[in-house]
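Q: Hey, can we go through this structure together? I'd like to start with the rings.

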Amino acid sequence: MTSRERVELTLAHEEPDRVPVDLGSSLVTGIQASAYAGVKKALGISQGEVRVYEPFQMLAEVEEPVRRALGVDVYGITLPDTIFGYKNENWKPFRLFDGTEVRVSEHFVWDELPNGDLVQYPQGDRSLPPSGRMPKDGFYFDAIVRQEPIDDARLDPGQWVEQTYGLFGDEQMRFLEEQSRWYFENTEYALFGNFGGGSFGDIAIVVGPHIPFPKGIRDPEEFYVSHITRKEYIREIFQRTLEIQMKNIEMYRQAVGERIQVIEINGNDFGSQNGPFISPQMYRDLYKPYHREMNDWVHDNTGWKTFFHSCGSNVAFLDDFREAGVDILNPVQISAAGMDPEYLKKNYGKDFVFWGGAVDAQHTLPFGTVEEVLREVKENIATFKNGGGYVFNNVHNIQAGVPVENILALFQALQDAGNYGH
């Protein structure tokens, strides 16, 4: 069975030959560069280079030899545009604080502050105020909040959206068409479309790391408070965002056709560790109509399945997600309140494909023993895989500092327990 056939059966809630595997197809199913370098070394793969294609979370581009070694079934169709507003091209050397040698885009421009922190700039332009900061000896860039003084009388949702989003250009459309066609015709991978246009209020975008001088409500706390105090302002932002992204998704369809199997719609988080991040009623009022419209368009016009990322405890939202037309849930944060694998599979296994949930990524994977990782992963596979509807992946990206032996155990457990036996 090919990877594409394997994933297509899984998405149809049927059992393939084995559980399909994802690593690196999206910005939420990947691996941090230091961890990736360790995995490459442990696998004995010396060719190639560690490229950081996502310079916010410092995610590595997973190379073909690594995909083959780990049995990966999914490849991500990803534009070369970064969250900081510059393109990935013409790679140059960069050294992480832990000494890992990586390659970054030529537009990745950084400076070291007196305290040892690193900063980088919107669109790689040093003439602008920095928009990202990596603390000394850290592994990731934090967004720098550049909130201007708020004048409610002058808040303009149209300006907010115009600064934040735009329509696909010809160059982007050609890239999507060419990349999706090449990987569809020359590989057997299932293809994952990194669209993300339904991420209304994604806080990583709200702060505007790619915008020279962000206008409007850009502070994360104030943005969430505005869901109550400036509800119509937020609603207008979402409505105008929808208008742009509905045009974009139509163009995306023109570019990739039916060559992709999955499209990411949402990257925003609605759950916290212990419960909902916002009330379910607020989700129904401010988000659900827009998610439903996008999902309905996908289902009415394509054969794609919609991928919906939301960290944390999402139990309170699952019925609404189902009604909004969500097909795939990720990352399935099993360590959050109420996110028990058996409960999820029993009550929602016919409604959603679970993409992730392999192991407790907050405790077991980074701090457990190899034996504990093997045991927990096998138990979760046994729960999630029955009847299909499960794609194997860590809960979110594999982070820096996770022992390499535990990462290898993660995938070893899949080899031991991932077959369907028919």
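**Rings and a helix**

A: Sure: Phe 307 and Trp 355 are both buried, where buried means under 20% relative accessible area, exposed over 50% and partly exposed in between (1.4 Å probe, protein chains only). This is a predicted model: local features need pLDDT of at least 70, side-chain atom pairs count only at pLDDT 80 or more, and totals for chains, interfaces and linings use all residues. Residues are numbered from 1 along each chain as its sequence is written, and side-chain values use heavy atoms, with hydrogens and water left out.

Q: How many aromatic pairs does the structure hold?

A: There are 40. Rings of Phe, Tyr and Trp (its six-membered ring) pair if their centres lie within 6.5 Å; planes under 30 degrees apart count as stacked, over 60 as edge-to-face and the rest as tilted.

Q: What about Phe 200 and Phe 238, how do their rings sit?

A: Their centres are 5.8 Å apart and the planes are at 55 degrees, so that pair is tilted. Phe 200 and Phe 238 are buried.

Q: And what angle is there between the planes of Phe 307 and Trp 355?

A: It's 85 degrees, with 5.4 Å centre to centre, so to speak edge-to-face.Q: New topic: which residues of H10 are buried?

A: Lys 288, Tyr 290, His 291, Met 294, Asn 295, Trp 297 and Val 298. Helices (H or I, at least four residues) and strands (E, at least two) are DSSP runs, numbered from the N terminus.

Q: Which charged end sits over the ring of Tyr 420?

A: That of Lys 385, 5.4 Å from the ring centre. The rule is NZ of Lys or CZ of Arg within 6 Å of the ring centre and within 35 degrees of the ring normal.
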